[in-house]
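Hi,

Here is the model I promised to send over. Have a look at it first, and then my notes are below.

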Amino acid sequence: MASNKTVATDADVQAYLDAIPDPTRRTDCETLVGLMRQLTGEPPRMWGASIVGFGSYHYRYESGREGDAALVSFSARKSDISIYLSSNAERQEELLAQLGRHKMGKACLQLRALAEVDRSVLEKLIVESIAATRRQFDVSAKK
């Protein structure tokens, strides 16, 4: 069985942030680091070459595939910021309707800029995603 390509690394998170060419996107990502650190109680860590993650959990699917993933994470892309959320959050649809300009896949929220969304709604989305993942994978909260 193939191994997970996105794994936690010891790469420097600040170096990743410093390399984001767009100053607004870089500032938005630095803001997300602070927010996600506060909400998870975990320090940022690079997952692969381009994902900043917080905390982790172990998953095992019925197929037998298993691995570790970040509790919540984001990545600066060329034209947006991708925020990786649980697809099992209870009020996700309701909150997305209040968020502002975004695109949403199954578990990937894409934002062009934090200025285009309601930050209190974004925080609620992240909090609910973290809670859903902790429930689903029996992950205790960091004290």
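Helices (H or I, at least four residues) and strands (E, at least two) are DSSP runs here, numbered from the N terminus. It's a predicted model, so to speak of local features I need pLDDT of at least 70, and side-chain atom pairs count only at pLDDT 80 or more, while totals for chains, interfaces and linings use all residues. Residues are numbered from 1 along each chain as its sequence is written, and side-chain values use heavy atoms, without hydrogens and water.

First, the sheet. Six strands form an open sheet in the order β1-β2-β5-β6-β8-β7, with antiparallel pairing (two strands pair if DSSP finds at least two bridges between them). β1 (44–47) and β7 (103–104) are the edge strands, each pairing on one side only. Three antiparallel bridges link β2 (residues 51–54) and β5, and F54 has V72 in β5 as its bridge partner.

α2 (residues 23–40) packs on the sheet and touches β1, β2, β5 and β6 (81–84), contact being heavy atoms within 4.5 Å.

Then the largest pocket: an open set of points on a 1 Å grid over the protein atoms alone, where a 1.4 Å probe fits, with protein on both sides within 12 Å along at least five of seven lines. Its lining (residues with an atom within 4 Å of a point) has 24 residues, with Y57, A69, A70, Y84 and L85 nearest the centre. β3 (57–60), β4 (66–69), β5 (72–76) and α4 (119–137) each give two or more residues to that lining; α4 gives the most, with four.

Cheers

Technical notes
Axes fitted to C-alpha atoms, helices over the stretch in contact; angles between N-to-C directions.
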